[in-house]
Every structure is written in structure tokens, then in C-alpha cells.
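Work through the exercises below with the sequence and the model side by side. Try each task before reading its solution.

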Amino acid sequence: MNKAAQALETTPVASADHDEIRRIFALQRDTMLAWRQSTAEERLARIQRLVDAVEAHTDEIVAAGAADFRKPAEEVHITEILPIYMEAKDAKRHLKKWMKSKSVPPTRMMLGTKAYMQYEPKGRALIISPWNYPLNLSFGPLVSALAAGCPTILKPSEMTPHMSALMAKIVRETFDPSEVALFEGEVDVSQTLLDLPFDHIFFTGSPQVGKIVMAAAAKHLTSVTLELGGKSPTIIDESADVDLAARTIMWGKYTNNGQTCIAPDHIYVHNSIREKFVHAAVETLKTYYGDSVEKHKESPFLARIVNHSHTHRISGLLDDAKTRGARVLYGDDVDHDDRYIAPTLLTDLPADAKIMEEEIFGPLLPIIGYDDIDEVIGKINDAPKPLALYIWSKKDENIREVMQRTSSGGACINHAVVHFLHGNLPFGGVNNSGIGSGHGEFGFKAFSHERAVVRTRFMMARLFFPPYTKLSNAIIKILPRSI
């Protein structure tokens with residue numbers, strides 16, 4: 001471990017003062033009112049300050065990722081820092097267009113009026129972010145909030161204390177707390193924040209906690225964006241490019257050692273290519289992380305599980321599956337003290353195994369054979385709607401069947417996880433896997449209110465003012481047939 005990471009390991013876990021939270025929230029009210037009139041240039045200047053701060057602290061960010069769960073430097077750059085730059089550059093290119101009022105044509109009932117939608121900041125925003133990609137999932141939504149003109153309070157996860165402490169330092173150096181503030185701490189800090197009447201809450205985390213956030217928001221009728229999770233399935237049919245599928249899926253699954261909300265959770269493989277796929281997957285894992293299960297542990301490219309509690313949870317899923325008759329195809333190396341679980345491929349899983357019911361969020365990958373695509377579609381539809389769905393196929397008919405007969409937050413055809421990086425697409429879930437979406441213009445809209453405005457040119461509505469006459473009665477009777 002380098003010196004920066006060693007220094008970060010001594011950083012104590014901070015806990016915010018609850019009175020200070022309420023003071024800053026009140027302080028941001030004046031900012032909220034002032035920022036309603038903010039220009040695109042002013043908003044972009046704040047975003048640029050954030051980008052400059054991230055760039056200035058890049059080495060510390062890499063060290064924090066290593067200190068929290070031995071995240072490879074390359075993964076920190078690709079999955080933590082790069083998405084923030086992408087969000088910022090997208091805003092720089094398009095914010096003026098996003099902010100511009102959008103005219104709409106009049107309906108027949110609205111002749112004589114001009115109508116448009118005006119985008120205004122929702123107001124004070126709360127961003128609650130998870131531990132798996134703490135920088136990305138805190139500062140990415142923050143870019144959207146700043147683009148929309150919303151002062152913001154951030155609450156990162158206490159499970160990655162080094163990254164949280166560093167983000168707190170970056171925010172303190174970059175913004176006045178009346179603009180952006182960050183509070184560290186555990187559940188009690190989150191509860192204090194959720195008790196406040198924010199104008200919008202952007203939460204990324206599990207469906208279970210998402211329900212708590214939504215219930216708290218309901219007390220103030222606060223709007224929410226919930227980016228949750230779920231068991232994202234992958235389908236590989238008989239026509240798929242098996243080698244390419246194996247290389248891509250192993251990358252998508254084992255980046256961050258499986259601790260990714262859109263990672264492939266389980267794979268349905270057509271039985272005619274099942275053995276070929278398993279072989280390709282094993283060879284890919286050997287290429288990526290070393291030519292044996294033992295060498296995987298020494299690989300600099302495999303992150304650790306975030307803490308001992310999650311290590312025990314994931315190993316418990318593995319033990320339960322094996323007890324119920326599941327067969328390990330590859331992996332099965334666990335070191336609780338080192339928070340390490342090897343990339344593990346499983347098959348012959350009974351339906352009642354816990355791993356088939358719970359989101360894995362770790363390096364275990366069930367492989368399930370199938371013969372009929374209808375059977376797979378049925379199983380997907382019997383489960384809660386996932387955050388992502390992946391299909392590998394060269395058959396347009398199979399792709400069409402899956403895409404039309406299933407539902408998921410997002411999907412990739414012959415790829416995995418990359419839809420997160422597509423700035424022109426909305427990223428979010430559906431029902432159990434989320435509400436609302438973010439990224440690019442969709443993130444801007446998440447923190448903005450679309451205000452409907454009608455401006456009268458000619459007062460046609462006076463025909464319907466009382467007292468009603470024969471003429472107005474005649475017009476009223478004609479209207480249903482003429483609009």
C-alpha cells in the first residue's frame with residue numbers, strides 16, 4: 001500500500017452534529033431562492049470548481065479506493081473519476097439548451113394563448129450515496145443538481161470511511177456550505193436528514209432502504225429519484241458469440257469484485273453451448289486474474305469485499321447453495337480475515353437456494369441451463385423487475401421476444417453494464433429496481449420542475465364566463481365534436 005493510502009487508514013470515522021445539519025439546511029434556503037435566477041454560466045462555473053477539485057485530488061482518490069477495499073487504481077479511474085468528467089462535459093455542452101424554455105403548440109381549446117414549459121430548480125436537494133462507487137454516485141448526481149441550480153447536502157456511506165472523509169474535504173475546499181455540504185455518519189445522521197423537508201431526494205442503494213427513504217419523503221411530499229438494484233439476469237442463447245460473451249460478462253461481473261448494482265447477477269445459458277461457455281468463462285478468469293484460483297487472491301486487479309459483514313453474507317450464500325446441492329464449477333476460495341472471496345461459478349442451483357432469491361452483490365455467479373427461451377422469460381417475469389437485463393444473441397427474433405416481453409430499468413444487447421456510461425440515455429430502474437432516472441439531461445430534469453405556463457393573447461375563455469347565453473350554450477354543445 002502506498003503512503004497516501006497508509007495515511008488515509010488513520011482517518012477516523014466522523015459523525016455529523018445534528019444541530020449543524022439543521023443549521024446548514026436552513027442556511028441553504030437563501031441560496032435556493034437566489035439560485036432560481038442563476039444563469040447557465042454561473043451553474044457551469046460551480047460544476048467546473050468540482051471537476052477541478054476532483055482533478056487536484058486524483059492521487060488521494062485512488063489511495064482512498066485502495067484503503068477502503070483495495071480497489072485497483074485502474075478501476076478507480078474508470079468507474080469513479082471518469083463518469084464525473086463525462087457528466088460535467090455533457091452539462092458544459094448542453095446546459096443552455098436544457099435550461100431553455102420549450103414552447104408547445106396550442107390545442108383547439110387554447111386558441112389565443114401561447115404555452116411553454118419553464119425549467120426551474122426544485123430547491124434544496126439531498127443526495128444519499130452508497131459505498132460501492134462512493135465518489136461516482138455522490139458527485140455524479142451532484143453535477144446534475146448543480147446544473148439544475150439546486151443547493152445540495154450529500155450523505156455518503158459510512159462503509160467507505162476513507163473515500164467519505166476525502167469527499168468531505170473536497171466539498172469543504174470547493175463550496176461554501178450554503179451551496180453544497182457533506183455530512184458523514186451512520187444511520188442516525190441519515191435519519192436526521194430524512195426528517196427535513198428537502199425539495200428532492202436522490203438515493204442510490206438497496207430496494208429495502210429505498211422503501212425507507214420513500215416513506216420519509218412522503219411525510220413532506222418530497223419528490224424522489226431512487227436508483228436501486230435487483231437480480232439483473234443475463235441470457236446467452238444458442239447463436240451467441242460465446243467467447244466474446246464470456247470475456248464481456250466476466251469483466252462486467254468482476255469489476256469491483258461483483259459489488260455493482262448492474263452486474264450480471266445470474267446467467268441463463270442455452271444447454272447446447274453451456275459447457276463451451278463455462279470453459280470460456282474459466283479461461284477468461286485465468287487470463288484476467290491469474291492462471292489458478294490461488295493466484296486470483298494475489299491479483300492487483302481484484303477488489304476486496306467492502307467489510308467483514310458483507311464477506312460473511314456472501315460466503316453464507318455460497319455455503320447455503322452448496323448445502324442445497326449446488327455444484328461449484330470454479331472458485332470457492334474464501335478468506336474472511338482478508339475480506340476475500342474468489343470469482344466463483346456455480347450451477348445446479350435449486351430454486352429455494354438463498355442465492356436465487358437475494359441480490360448477490362458479490363463475486364458469485366450462478367449459471368443456469370435452459371432449452372426454451374419462453375421458460376427464461378417466464379422466470380424473469382416471475383421475479384421483481386431488475387435494474388438491468390442482458391441478452392447475447394445473433395437472432396433478432398430472440399432479441400425481440402426478450403425485449404418486448406420483459407421489463408427492466410435498462411438493457412444491453414450483446415454487451416453488459418455499459419448503458420450506465422451512455423450520457424444520452426436515462427439511467428434508472430423500474431418499480432422494485434428504482435423510480436426516476438439520472439445522467440445527462442435526465443439528471444438535470446430529475447432536479448428540475450417542469451413548470452407549465454400559459455400566456456393569453458386573445459381572451460377566448462370569456463365566452464364561457466357566466467351568465468351563460470344562448471351563444472355560449474351552443475358553443476359548449478359543439479365543443480366535444482370540434483376539439
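**Exercise 1.** In which sense, and over how many bridges, do strand β2 and β18 pair?

*Solution.* Before starting, note that this is a predicted model, in which local features need pLDDT of at least 70 and side-chain atom pairs count only at pLDDT 80 or more, while totals for chains, interfaces and linings use all residues. Residues are numbered from 1 along each chain as its sequence is written, and side-chain values use heavy atoms, with hydrogens and water left out.

Strands (E, at least two residues) and helices (H or I, at least four) are DSSP runs numbered from the N terminus, and two strands pair if DSSP finds at least two bridges between them. Step one is to find β2 at residues 113-121, which pairs with β18 in the antiparallel sense over nine bridges. Step two is to pick out one bridge: Lys114 has Arg455 in β18 as its partner. Step three is to place the pair in its sheet, an open one of three strands in the order β1-β2-β18 with antiparallel pairing. Its edge strands, each pairing on one side only, are β1 (102-104) and β18 (448-456).

**Exercise 2.** Describe the six-stranded sheet, and state which way the side chains of β3 point.

*Solution.* The six strands form an open sheet in the order β5-β4-β3-β6-β7-β17, with mixed pairing. At its edges are β5 (180-182) and β17 (434-435), each of which pairs on one side only.

Now take β3 and its two neighbours in turn. Four bridges join β3 to β4, and these strands run parallel, with Leu126 standing opposite Ile153 in β4. On the other pairing, β3 and β6 also run parallel and are joined by four bridges, and the partner of Ile128 in β6 is Phe203. In a regular strand the side chains alternate between the two faces of the sheet. In β3, Ala125 and Ile127 point one way while Leu126 and Ile128 point the other way, and all are buried, where buried means under 20% relative accessible area, exposed over 50%, and partly exposed in between, with a 1.4 Å probe and protein chains only.

Finally, follow the chain between the strands: β3, α6 and β4 make a right-handed β-α-β unit, a crossover being right-handed if, with the strands pointing away from the viewer, the path from the first strand over the helix to the second runs clockwise.

**Exercise 3.** Is Ser223 buried or partly exposed, and which residues does Ser223 touch?

*Solution.* Ser223 lies in strand β7, and its relative accessibility is 25%, so Ser223 counts as partly exposed. Leaving aside residues up to four places away in sequence, Ser223 touches Lys122, Asp199, His200 and Ile201, a contact meaning heavy atoms within 4.5 Å. With His200 there is also a polar contact between the two side chains, at 2.6 Å; such a contact is a pair of N or O atoms within 3.5 Å, and within protein one must be able to donate a hydrogen and the other to accept it, while residues adjacent in sequence count only if both atoms are side-chain atoms.

**Exercise 4.** Which residues of helix α14 are buried, and what covers them?

*Solution.* In α14 (residues 373-382), the buried residues are Ile373, Val376, Ile377 and Ile380. Seen down the helix axis, they fall within an arc of 100°, so they line one face of α14; the arc is that of the directions from the axis to the C-beta atoms. Their cover includes β8 (233-236), β9 (266-270) and α15 (396-405).
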